[in-house]
Amino acid sequence: MLKQRIITAVVLLAILLPALFYPSPLPFCAVALVAMTAAAWEWGRLNGYSGKGALFIAFDCLALCLLSWRLGWLERPMPLAWLAAGAFWVLASAALLRSGVAGWPRVPRTVRVVGGVLALWLAWLAVGQARVIGINFLLSILVLVWVADIGAYFAGRAFGLRFTRSKLAPSISPGKSWEGVWGGMLGVLVLAVVWVMADRAWQPQVLSFYSRLAMQGWWLLVVGAVFMATMSVVGDLVESLVKRSAGAKDSSHLLPGHGGVLDRVDALLPTLPLAMMLSTVGAM
């Protein structure tokens, strides 16, 4: 299993890194498009579709992304659209987590499928726009999710249930603790401050997500970092809720040793559009 994980990780990095740092954003947007299409196929399977049904859902997501690309939406400022996407994620995820695993099957399957495809489309559009803006901006968002996850893991291992008496969401993801969430938040806050200081020292052509928040005030940087760390956990919990309802451990086996694509991008689905929303606050 460890060997599989290492080989898969090396192959993914060999694809992602050249695409990310290529002078044009096109290769990275294309790689992200393939990932979201695969995730849409997984989403269909988790919601009871198989064979042609799951492929049709993947095709719908692909077509929606390609149409947006053709219309030039990757280069177009969309502050109101990102505000709507942010509201969608906050309200929908709050309702889903409140209803729990038992509540998921009560949502009409058409609504579940359409909502998932829209979430994947918005994530692709957000990551594409972020790459068009610049590598420093995009990386600052991606690293945020990784730091939140790593901080939560180590804080949960070291301090889990030492300060609280209950798990974060035991019926959805038994391994997560409140201490882990707080550790992830602290890690993201440190990351944000360090990245702002690095931007000021090196004066990059494109500012990071954190520097854009800090330009509106340090209060927004702190609130935004905590909010984003929280929503990265929410993205992971929502996918765990869906998998638990479907009786699946992983979203698929497309990535040997790592599960499925959704398992790797779940925290990015809310954070990417929300980062675009927060970074365009000053433009509204």
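This is a short talk on how the helices and the core of this structure fit together.

Good morning. A word of caution before the details: the model is predicted.

Let's begin with the core. The largest nonpolar core holds 81 residues. Which residues have the most contacts inside it? They are Trp 82, Phe 209 and Tyr 210.

Take Phe 209. Set aside its neighbours within four places in sequence, and Phe 209 is still in contact with Phe 137, Ser 140, Ile 141, Leu 144, Met 228, Ala 275, Leu 278 and Ser 279.

Pick Ala 275 from that list. Ala 275 sits in helix 11, residues 268–279. Is Ala 275 buried or exposed? Its relative accessibility is 0%, so Ala 275 counts as buried. Not counting residues up to four places away in sequence, Ala 275 touches Ile 141, Phe 209 and Met 228. Now look at Tyr 210. Along the chain, Ala 275 and Tyr 210 are 65 residues apart. In space, their C-alpha atoms are separated by 9.6 Å.

Next, Met 36. You will find Met 36 in helix 2, residues 26–46. Its relative accessible area is 6%, and the cut-off for buried is under 20%. Therefore Met 36 is buried. What does Met 36 contact, leaving aside its neighbours within four places in sequence? The answer is Cys 61, Leu 120, Ala 123, Trp 124 and Leu 269. Trp 124 is 88 residues away from Met 36 in sequence. From C-alpha to C-alpha, Met 36 and Trp 124 are 6.8 Å apart.

Now to the helix pairs. Two packed helices are described by the angle between their axes and the distance between the axes. I have three pairs for you.

Pair one is helix 7, residues 178–202, with helix 9, residues 218–246. Their axes come within 9 Å and cross at roughly 135°. Helix 7 and helix 9 are therefore oblique to each other. Their crossing is right-handed. Which class dominates the count here? The contact of helix 7 with helix 9 has 14 nonpolar residues, 2 polar and 1 charged. On the helix 7 side, the residues include Val 181, Gly 184 and Arg 200. On the helix 9 side, they include Trp 218, Leu 221 and Thr 230.

Pair two is helix 4, residues 79–103, with helix 5, residues 109–133. The angle is about 135°, and the axes are 12 Å apart. Helix 4 and helix 5 are therefore oblique to each other. This crossing is left-handed. Helix 4 brings Trp 82, Ala 85, Phe 88 and Trp 89. Helix 5 brings Gly 115, Ala 119, Leu 122, Leu 125, Ala 126 and Gln 129. By class, that contact of helix 4 with helix 5 has 8 nonpolar, 2 polar and no charged residues. Remember Trp 82 from the core.

Pair three is helix 4 with helix 9. The angle is about 45°, and the axes are 10 Å apart. So helix 4 and helix 9 are oblique to each other. Helix 4 passes helix 9 in a left-handed crossing. Trp 89, Ser 93 and Gly 100 are among the helix 4 residues that meet helix 9. Their partners in helix 9 include Phe 227, Met 231 and Arg 244. The classes are 11 nonpolar, 3 polar and 1 charged.

One last stop, in a loop. Most residues other than glycine have a negative phi. Gln 203 is not a glycine, yet its phi is positive, about 50°. Where does Gln 203 lie? Gln 203 is in the loop between helix 7 and helix 8. At 60% relative accessibility, Gln 203 counts as exposed.

Thank you.

Notes:
Residues are numbered from 1 along each chain as its sequence is written. This is a predicted model: local features need pLDDT of at least 70, side-chain atom pairs count only at pLDDT 80 or more; totals for chains, interfaces and linings use all residues. Side-chain values use heavy atoms; hydrogens and water are left out. A nonpolar core is a set of buried Ala, Val, Leu, Ile, Met, Phe, Trp, Tyr and Cys residues joined through side-chain atoms within 4.5 Å. Buried means under 20% relative accessible area, exposed over 50%, partly exposed in between (1.4 Å probe, protein chains only). Contact means heavy atoms within 4.5 Å. Axes are lines fitted to C-alpha atoms, for helices over the stretch in contact, and angles run from 0 to 180 degrees between N-to-C directions. Angles under 35 degrees count as roughly parallel, over 145 as roughly antiparallel, 65 to 115 as roughly perpendicular and the rest as oblique. A crossing is left-handed if the near helix is turned anticlockwise from the far one by less than a right angle, and right-handed if clockwise. Ala, Val, Leu, Ile, Met, Phe, Trp, Tyr, Cys and Pro count as nonpolar, Asp, Glu, Lys and Arg as charged, and the others, Gly among them, as polar.
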